[in-house]
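Biologist: I would like to learn how to read a structure feature by feature, going slowly and checking each step. Could we work through one together?

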Amino acid sequence: MTATLADKLAPYGIDYVDAMDRFGDNAELYERLALKYLDDAHLVALQAAMEAKDYSEGYSQAHALKGVAGNLSFKDLFQCAALVSDALYAGEYEAAAAHMPEVERTHELVIKGLSAWQNNQL
């Protein structure tokens, strides 16, 4: 079942094999924590901070989003959030803003995959 679930989650940017390595093969714990991401507010807070040009808060939110995505093995979201976080840290605000659509796209893909998993549609 693990390989099948891994194959089904991969198109959503979720690396289940890496997650099982990270979580010591505790599938129940990973599922519980991964599905909590459906209620995560870091992206919304990041979007609000970027819109307000509050780049300090934007950095905090992008960095937190990167951490959550990394810990849950959401590989594509992690990479995109890292680009925004790194750009904000470096004071490259236009570059950070340019990466936001990709963060939003990869976030939506993760949400779609997690929702399908939660609703037994995988």
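**Reading the features one by one**

Modeller: Let us start with charged side chains, keeping in mind that this is a predicted model. Asp18, Arg22 and Lys75 are linked in a network of salt bridges.

Biologist: How many salt bridges does a search of the whole structure find?

Modeller: The search finds three salt bridges. In one of them Arg22 is paired with Asp18, with the closest N and O atoms 3.3 Å apart, and both residues lie in helix 2, four residues apart, which is about one turn of the helix. Asp18 also forms a salt bridge with Lys75, where the closest N and O atoms are again listed as 3.3 Å apart. This pair links distant parts of the chain, since Asp18 belongs to helix 2 and Lys75 to helix 6, 57 residues apart.

Biologist: Which residues form a salt bridge in helix 7?

Modeller: Arg105 and Glu102 do, with their closest N and O atoms 2.6 Å apart; they both lie in helix 7, three residues apart, or about one turn of the helix. Because partly exposed means a relative accessible area between 20% and 50%, Arg105 at 43% belongs to that class, and so does Glu102 at 34%.

Biologist: What should I look for when a charged residue such as Lys66 is buried?

Modeller: The step is to look for a side chain of opposite charge, and to compare its distance with the cut-off for a salt bridge, which is 4 Å. Lys66 is found in helix 5, and its nearest side chain of opposite charge is Asp86, 4.4 Å away, so by that cut-off Lys66 has no salt bridge although it is buried. Leaving aside residues up to four places away in sequence, Lys66 touches Phe78, Ala81, Ala82, Ser85 and Asp86.

Biologist: Now for the helices: which residues of helix 3 are buried?

Modeller: Tyr30, Ala34 and Leu35 are the buried ones in helix 3. They cover an arc of only 120° around the axis, which puts them on the same side of the helix. On the other side of helix 3, Glu28 and Lys36 are exposed, while the buried residues pack against helix 2 and helix 7.

Biologist: Where do the buried residues of helix 4 fall around its axis?

Modeller: In helix 4 the buried residues are Leu43, Leu46, Ala49 and Met50. Seen down the axis, they fall within an arc of 125°, so they line one face of helix 4. Their packing partners are helix 5, helix 6 and helix 7, and on the other side of helix 4 Val44 and Glu51 are exposed. Just after helix 4 comes Lys53, whose phi is positive, near 60°.

Biologist: Which residues touch the most other members of the largest nonpolar core?

Modeller: That core has 35 residues, and Tyr30, Tyr37, Phe74, Leu114 and Trp117 touch the most other members. The elements that give two or more residues to this core are helix 1, helix 2, helix 3, helix 4, helix 5, helix 6 and helix 7, and the largest share, seven residues, comes from helix 7. Apart from residues up to four places away in sequence, Trp117 touches several residues, among them Leu5, Leu9, Tyr16, Tyr30 and Ala34.

Biologist: How is a pair of aromatic rings described?

Modeller: A pair of aromatic rings is described by the distance of the centres and the angle of the planes. Here the structure holds seven aromatic pairs. In one of these, the rings of Tyr16 and Tyr30 have their centres 5.8 Å apart and their planes at 70°, so the pair is edge-to-face. Tyr16 lies in helix 2 and Tyr30 in helix 3, so the pair ties together parts that are 14 residues apart in sequence. Phe23 and Tyr30 form another edge-to-face pair, at 5.1 Å centre to centre and with 70° between the planes.

Biologist: Are Phe23 and Tyr30 buried or exposed, and which residues form one aromatic cluster?

Modeller: Both Phe23 and Tyr30 are buried, with Tyr30 at 0% relative accessibility. Tyr16, Phe23, Tyr30 and Trp117 form one aromatic cluster, and Tyr16 is buried as well, with a relative accessible area of 4%.

Terms used. Residues numbered from 1 in each chain as written. Predicted model: local features only at pLDDT ≥ 70, side-chain atom pairs only at ≥ 80, totals over all residues. Heavy atoms only, no water. Core = buried A, V, L, I, M, F, W, Y, C linked by side-chain atoms within 4.5 Å. Buried < 20%, exposed > 50% of the residue type's maximum accessible area, 1.4 Å probe, protein only. Contact = heavy atoms within 4.5 Å. Arc of directions from axis to C-beta. Lys, Arg positive; Asp, Glu negative; His and termini not counted. Phe/Tyr/Trp six-rings, centres within 6.5 Å; stacked < 30°, edge-to-face > 60°.
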